[in-house]
Amino acid sequence: MPQIASSAALARGPEEAFPFRSHLLPSRAVSQSGRVSLKEMAGDEALAIRAENLAKTYRSGTTAITVFRGLSFEVRKGESVALVGESGAGKSTLLQLLGCLDRPSEGSIYFGSKGIANLTDAELSEFRNRMIGFVWQSHSLLPEFTALENVMMPLLIRGVPRRQAEPPAREKLEETGLRDRMSNRAGELSGGEQQRVALARALVAGPAVLLADEPTGSLDYRTGEGIVQLLENLHRSHQLTSVVVTHNLAFARRCDRVLTLEKGTLAAVADNAARNQESDRLIGADGNTYV
Ligand SMILES: Nc1ncnc2c1ncn2[C@@H]1O[C@H](COP(=O)(O)OP(=O)(O)OP(=O)(O)O)[C@@H](O)[C@H]1O
Ligand SMILES: [Mg+2]
């Protein structure tokens, strides 16, 4: 468990407060004030994700595990995609590649026309910080810090002064229904409230892409339903491109498209545009009915 920084250290700046996260800070090679041009990084096209022939192999000593290979797919701008599959299929691994948290062993990922393979680690960090918001299943907040401080964090890490980071953080917390809980420490909040903080934090830097890994996985049904509705609303109101890993098939069927990862292969289970409206069931590309 990393050492948790004090509020005083936080006030002095993220580098001091989060030495263990220094790899997330922009390097000197990337201008603190601005400015790797996003247009330059993402290309001129409407942003969408394109993956070509992705493979991921984890190596440990003399053993190697290939989780998947030859995965190719696209996510259209503004689309919401549910990624489903059995435990161990590689959903989190794939999400980490899409989120630029890890690099594929083979293959390429493009945002618009811009490939990210040639970005340096510092540029990739910068790209991730500006373009991608993450929500995890749980345990992603710093429990000793307030909800507001947690939401400000991506901006502080980017080098934005605290007084400039606070207004957008407050705004996002209001959007996620936490106007009255901003000053509470994250550790004092319920699981559902913590996920709302995590959503606010994911959106505070104005990302184009939202990636969520089992965002309702540790919540009861009713609380999870509230988070799903919030995700749907935010996806629309922020015009996001969203990829959500979920075991919740009821949620998956509300996304634009469902992809399943199985035995190292990705398949389109359902395009909800093709949903049979009469029976309100998902019809898969194979003609079978799901959910
Ligand atoms: N850092 C790592 N080093 C070695 N193996 C790993 C690593 N991360 C994941 N794996 C392995 O890769 C495979 C896929 O794991 P991953 O966490 O992506 O699955 P998942 O589909 O997200 O499963 P779950 O639904 O349980 O979260 C598993 O066999 C896992 O043990
Ligand atoms: Mg996982």
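How do H6 and H7 lie relative to each other: oblique or not oblique? In this predicted model, helix H6 (residues 147-157) packs against helix H7 (residues 162-175) at an angle of about 120°, and their axes are 8 Å apart. That angle falls outside the 65 to 115 degrees that would count as roughly perpendicular and is not over 145, so H6 and H7 come out as oblique to each other. The crossing of H6 past H7 is right-handed. On the H6 side, Ala147, Leu148, Val151, Met152, Leu155 and Leu156 make the contact, and on the H7 side it is made by Arg162, Ala165, Glu166, Ala169, Arg170, Lys172 and Leu173. Sorted by class, this contact of H6 with H7 comes to 9 nonpolar and 4 charged residues, with no polar ones.

H6 has a second helix to deal with. It packs with H8 at an angle of about 30°, the axes being 7 Å apart. With angles under 35 degrees counting as roughly parallel, H6 and H8 are therefore roughly parallel to each other. Here too H6 goes by in a right-handed crossing. Ala147, Asn150, Val151, Met153 and Pro154 of H6 meet Val197, Ala200 and Arg201 of H8. The class split for the contact of H6 with H8 is 6 nonpolar, 1 polar and 1 charged.

As for burial, 11 of the 11 residues of H6 are buried, so this helix is largely enclosed by the rest of the structure. Glu149 and Asn150 are among the buried residues of H6, along with such residues as Met153, Pro154 and Ile157. After H6 comes Gly159, with a positive phi near 100°.

Ala205 ties into the end of this story. Its place is the loop between helix H8 (191-203) and strand S7 (209-213). Ala205 has 20 other C-beta atoms within 10 Å, and a residue with 20 or more is buried, so Ala205 counts as buried. Setting aside neighbours within four places in sequence, Ala205 is in contact with Asn129, Arg130, Pro154, Leu155 and Arg158. Of these, Pro154 and Leu155 are buried residues of H6. Ala205 also sits 8.9 Å from Ala169, C-alpha to C-alpha, although 36 residues separate the two in sequence. Ala169 is one of the H7 residues in the contact with H6.

Stepping back to the whole protein, there are 10 helices and 12 strands. Of its 291 residues, 38% count as buried. Among contacts with a separation of 6 or more, 68% come from residues 24 or more positions apart.

Then there is ligand 1. The residues around it are Tyr58, Ser60, Ile65, Val67, Gly85, Ser87, Gly88, Ala89, Gly90, Lys91, Ser92 and Thr93. Strand S1 (49-60), strand S2 (63-75) and helix H4 (91-98) are the elements that give two or more residues to this shell. H4 gives the most, with 3 residues. By class, the shell around ligand 1 divides into 4 nonpolar, 7 polar and 1 charged.

Gly90, one of the residues around ligand 1, belongs to the loop between strand S3 (80-84) and H4. Gly90 is buried because 23 other C-beta atoms lie within 10 Å. Not counting residues up to four places away in sequence, Gly90 touches Lys56, Val67, Phe68 and Leu261. Val67 is itself among the residues around ligand 1. Gly90 and Thr66 are 24 residues apart along the chain, with 9.7 Å between their C-alpha atoms.

A few other spots deserve a mention. Leu249 lies in helix H10 (residues 249-252) and has 15 C-beta neighbours inside 10 Å, so Leu249 counts as partly exposed. In sequence, Leu249 and Ala82 are 167 residues apart, yet their C-alpha atoms are 9.0 Å apart in space.

Two residues other than glycine have a positive phi near 50°: Asn53 and Gln239. Asn53 is placed in strand S1, whereas Gln239 is in the loop between helix H9 (221-237) and strand S8 (241-245). Asn53 has 12 C-beta neighbours inside 10 Å and so counts as exposed. Gln239 is exposed because it has 9 other C-beta atoms within 10 Å.

Methods:
Residues are numbered from 1 along each chain as its sequence is written. Chains are lettered from A and ligands numbered from 1 in the order in which they are written. This is a predicted model: local features need pLDDT of at least 70, side-chain atom pairs count only at pLDDT 80 or more; totals for chains, interfaces and linings use all residues. Axes are lines fitted to C-alpha atoms, for helices over the stretch in contact, and angles run from 0 to 180 degrees between N-to-C directions. Helices (H or I, at least four residues) and strands (E, at least two) are DSSP runs, numbered from the N terminus. A crossing is left-handed if the near helix is turned anticlockwise from the far one by less than a right angle, and right-handed if clockwise. Two residues are in contact if their C-beta atoms, placed from the backbone, lie within 7 Å. Ala, Val, Leu, Ile, Met, Phe, Trp, Tyr, Cys and Pro count as nonpolar, Asp, Glu, Lys and Arg as charged, and the others, Gly among them, as polar. A residue is near a molecule or strand if its C-beta atom, placed from the backbone, lies within 6 Å of it.
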